[in-house]
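Me: I have a model open and want the terms used for it checked against their definitions. Take them one at a time.

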Amino acid sequence: MTKRVVVDDISRLQSTFAQEFDMQAAEVIARRGKFIVGLPGGSVASAFFPALAGLRVDWTRIEIFWIDERAVPPDHPESNYAVASRLLLGPARVPAACIHRMHGELPELEQAARRAADELRSIAGDPPCLDLALVGVGDDGHVASIFPGLSADLSAEARSAKADSVVAVYDSPKPPSRRLTLTLPVLARAGMVVVAAFGASKAAVMREALGEGSASTPVAALLGAASSSLVLLDREAGLS
Ligand code: 6PG
């Protein structure tokens, strides 16, 4: 299990992440022909996507999924896809065939979850395995739309079982309340998990997640289970 923690200014974290993405993409594409990633919403998306858009990578070989989505249309200001579209997909001219958004606009969220799970399985296998998952963190330690207290089964059985990889959430404490999310086992199975957190309000939960003690938050569970992780903290969220 390898875990690297970097505390720096956001502008330098942007390049650290872009370099990591570039390196992983080159390595995985050379080995397997395609690189499969999961992207977040929130402040991490806004901070990191513009630097990604400037990379000279082969976007025709990068399959883009989301780790979560809000139950809104794709052109809504709250849509995670809309943020990516504006800051990454459009500027980098990512081919439409490589974009696999969650359909948060469907009236039946369960149907949207099944559709997203089917699409993920068709490209990332069964059970699905992302090459890289980029994950933001809430003040309460949530990742994607997996909130403390909601199911977080990371047992070997749950991780290998052909369980649902995408689930509907109806009671998210962070608005909007209706969402779609990858599950913790899917996030934890990614070849590389990158957790990024900015701001003093994230310091306590990150300290706990990176400490020796028994933290019970989703971010702590994710970092405990990921085989390879990179944690990017700005100075306010950092531990110093
Ligand atoms: C979302 C995100 C979510 C986000 C955290 C942190 O859809 O809202 O994927 O998990 O990463 O809530 O958000 P901030 O970085 O904006 O605080």
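Reply: Start with the second largest pocket: α2 (42-53), β4 (68-70) and β9 (192-197) each supply at least two residues of its lining. Helices (H or I, at least four residues) and strands (E, at least two) are DSSP runs, numbered from the N terminus. This is a predicted model, in which local features need pLDDT of at least 70 and side-chain atom pairs count only at pLDDT 80 or more, while totals for chains, interfaces and linings use all residues. Residues are numbered from 1 along each chain as its sequence is written, and side-chain values use heavy atoms, without hydrogens and water.

Me: What makes a set of grid points a pocket, and which element gives the largest share of the lining of the second largest one?

Reply: On a 1 Å grid over the protein atoms alone, a pocket is an open set with protein on both sides within 12 Å along at least five of seven lines; lining residues have an atom within 4 Å of a point. The largest share of this lining, three residues, comes from α2.

Me: Why are β4 and strand β8 (residues 179-182) called paired?

Reply: Pairing requires at least two bridges found by DSSP between two strands. β4 and β8 have three, in the antiparallel sense, so they count as paired. Arg70 stands opposite Arg179 in β8.

Me: Which strands are the edges of the sheet β4-β8-β7?

Reply: The open sheet has three strands in that order, with antiparallel pairing. β4 and β7 (166-169) are the edge strands, because each pairs on one side only.
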